[in-house]
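The exercises below concern one protein model. Each has a task sentence and a solution in steps.

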Amino acid sequence: MALDERLEAALNAQVTMEYGAAYAYFGMSAWFEAEGLPGMAQWMRAQAAEELTHAEKFYQFILDRGGRIDLGPIEAPQADFDASIDVFRMSLAQEQAVTVSINNLYSMAVELKDFASLPLLDWFVAEQVEEESSVQQIIDDLGRAGDAGHTILMLDRELGTRLGGGGEQATI
Ligand code: FEO
């Protein structure tokens with residue numbers, strides 16, 4: 001079944017959103033590097049790498065369905081933050097926006113009876129639960145740490161054990 005034009009456009013917008021998410025995570029990673037928190041920087045780079053794989057999943061799906069790739073512009077990411085917890089709060093807000101976007105894609109696919117899209121979108125629905133949950137956990141931990149530098153350094157060490165791009169999450 002050919003891809004409906006509306007769904008094709010929405011999938012392309014999702015490709016751009018996922019690349020944009022990666023770009024934003026690289027910006028967050030750069031801030032942590034400058035702040036001397038290499039573990040959190042590594043966590044953000046791993047997250048960026050994962051976002052690239054998300055973009056590629058949608059990109060490939062559009063091609064597999066005989067659609068055309070149409071990449072949109074990406075804004076420069078935020079480069080300055082007041083505190084580590086603010087960076088993760090921005091990450092959570094970004095993930096929540098992605099979840100809304102995936103849900104909208106899902107609704108559109110159902111409305112158009114494009115059932116071939118559903119396995120891909122089901123994967124993303126589950127992925128977003130995991131993404132929001134892991135970021136929320138870090139926000140909670142940072143909130144408990146407050147200004148305790150030693151605890152923040154320990155969290156930084158823990159988060160630095162996350163490997164790149166494969167969906168691994170550090171447990172903290
Ligand atoms: Fe690809 Fe973190 O959403």
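**Exercise 1.** Leaving aside its neighbours within four places in sequence, with which residues is Met-40 in contact?

Solution. The model is predicted, and side-chain atom pairs count only at pLDDT 80 or more.
- Step 1. Set aside the residues within four places of Met-40 in sequence.
- Step 2. Keep the residues with heavy atoms within 4.5 Å.
- Step 3. For Met-40 this leaves Phe-32, Ser-84, Phe-88, Leu-142, Ile-152, Leu-155, Asp-156 and Leu-159.

**Exercise 2.** State which residues have the most contacts inside the largest nonpolar core, and which helices supply at least two residues of this core.

Solution.
- Step 1. The largest nonpolar core has 24 residues, and those with the most contacts inside it are Phe-32, Met-40, Met-44, Phe-88 and Leu-142.
- Step 2. At least two residues of this core come from each of helix 1, helix 2 (38-64), helix 3, helix 4 (118-145) and helix 5 (149-159).
- Step 3. Another core lies apart from it, with 18 residues, including Leu-3, Leu-7, Phe-61 and Met-108.

**Exercise 3.** Describe the place of Phe-88, its accessibility and its surroundings.

Solution.
- Step 1. Phe-88 is located in helix 3.
- Step 2. The relative accessibility of Phe-88 is 0%, so the residue counts as buried.
- Step 3. Without the neighbours within four places in sequence, the contacts of Phe-88 are Phe-32, Met-40, Trp-43, Met-44, Val-135, Ile-138, Ile-139, Leu-142 and Leu-159.
- Step 4. For one of these, Ile-139, the C-alpha to C-alpha distance to Phe-88 is 6.2 Å, with the two positions 51 residues apart in sequence numbering.

**Exercise 4.** How many salt bridges are there, and which parts of the chain does the pair Arg-6 and Glu-111 tie together?

Solution.
- Step 1. The cut-off is a side-chain nitrogen of Lys or Arg within 4 Å of a carboxyl oxygen of Asp or Glu. By this rule there are 4 salt bridges.
- Step 2. Arg-6 and Glu-111 form one of them, with the closest N and O atoms 3.4 Å apart.
- Step 3. Arg-6 belongs to helix 1 and Glu-111 to helix 3, so the pair ties together parts that are 105 residues apart in sequence.
- Step 4. Arg-6 is partly exposed at a relative accessible area of 43%, whereas Glu-111 is exposed at 54%.

**Exercise 5.** For the salt bridge of Asp-114 and Arg-65, find where the two residues lie and decide whether each is buried or exposed.

Solution.
- Step 1. The N to O distance between the side chains of Asp-114 and Arg-65 is 2.8 Å.
- Step 2. Asp-114 is in the loop between helix 3 and helix 4, Arg-65 is in the loop between helix 2 and helix 3, and the pair links these distant parts of the chain, 49 residues apart.
- Step 3. Buried means under 20% relative accessible area. Asp-114 has 1%, so Asp-114 is buried. Arg-65 has 15%, so Arg-65 is buried.

**Exercise 6.** Repeat the analysis for the salt bridge of Asp-86 and Arg-89.

Solution.
- Step 1. The side chains of Asp-86 and Arg-89 meet at 3.3 Å, N to O.
- Step 2. Both Asp-86 and Arg-89 belong to helix 3 and are 3 residues apart, about one turn of the helix.
- Step 3. Asp-86 is partly exposed at 27% relative accessibility, and Arg-89 is partly exposed at 46%.

**Exercise 7.** Which helix gives the most to the lining of the largest pocket, and how do the lining residues divide by type?

Solution.
- Step 1. The largest pocket holds about 320 Å³ of space.
- Step 2. Its lining has 14 residues, with Gly-20, Ala-21, Ile-74, Glu-75 and Gln-94 nearest the centre.
- Step 3. Helix 1 (5-34) and helix 3 (84-111) each supply at least two lining residues. Helix 1 gives the most, with 6 residues.
- Step 4. By type, the lining of the largest pocket has 10 nonpolar, 3 polar and 1 charged residues.

**Exercise 8.** What is the phi of Lys-113, and where does the residue lie?

Solution.
- Step 1. Lys-113 has a phi near 55 degrees, a positive value in a residue other than glycine.
- Step 2. For comparison, most residues other than glycine have a negative phi.
- Step 3. Lys-113 sits in the loop between helix 3 and helix 4 and is exposed, with a relative accessible area of 55%.

Conventions
Residues are numbered from 1 along each chain as its sequence is written. This is a predicted model: local features need pLDDT of at least 70, side-chain atom pairs count only at pLDDT 80 or more; totals for chains, interfaces and linings use all residues. Side-chain values use heavy atoms; hydrogens and water are left out. On a 1 Å grid over the protein atoms alone, a cavity is a set of points where a 1.4 Å probe fits but cannot get out, and a pocket is an open set with protein on both sides within 12 Å along at least five of seven lines; lining residues have an atom within 4 Å of a point. Grid points are joined across faces, edges and corners, and a volume is the space filled by probe spheres set on the points. Helices (H or I, at least four residues) and strands (E, at least two) are DSSP runs, numbered from the N terminus. Ala, Val, Leu, Ile, Met, Phe, Trp, Tyr, Cys and Pro count as nonpolar, Asp, Glu, Lys and Arg as charged, and the others, Gly among them, as polar. A nonpolar core is a set of buried Ala, Val, Leu, Ile, Met, Phe, Trp, Tyr and Cys residues joined through side-chain atoms within 4.5 Å. Buried means under 20% relative accessible area, exposed over 50%, partly exposed in between (1.4 Å probe, protein chains only).
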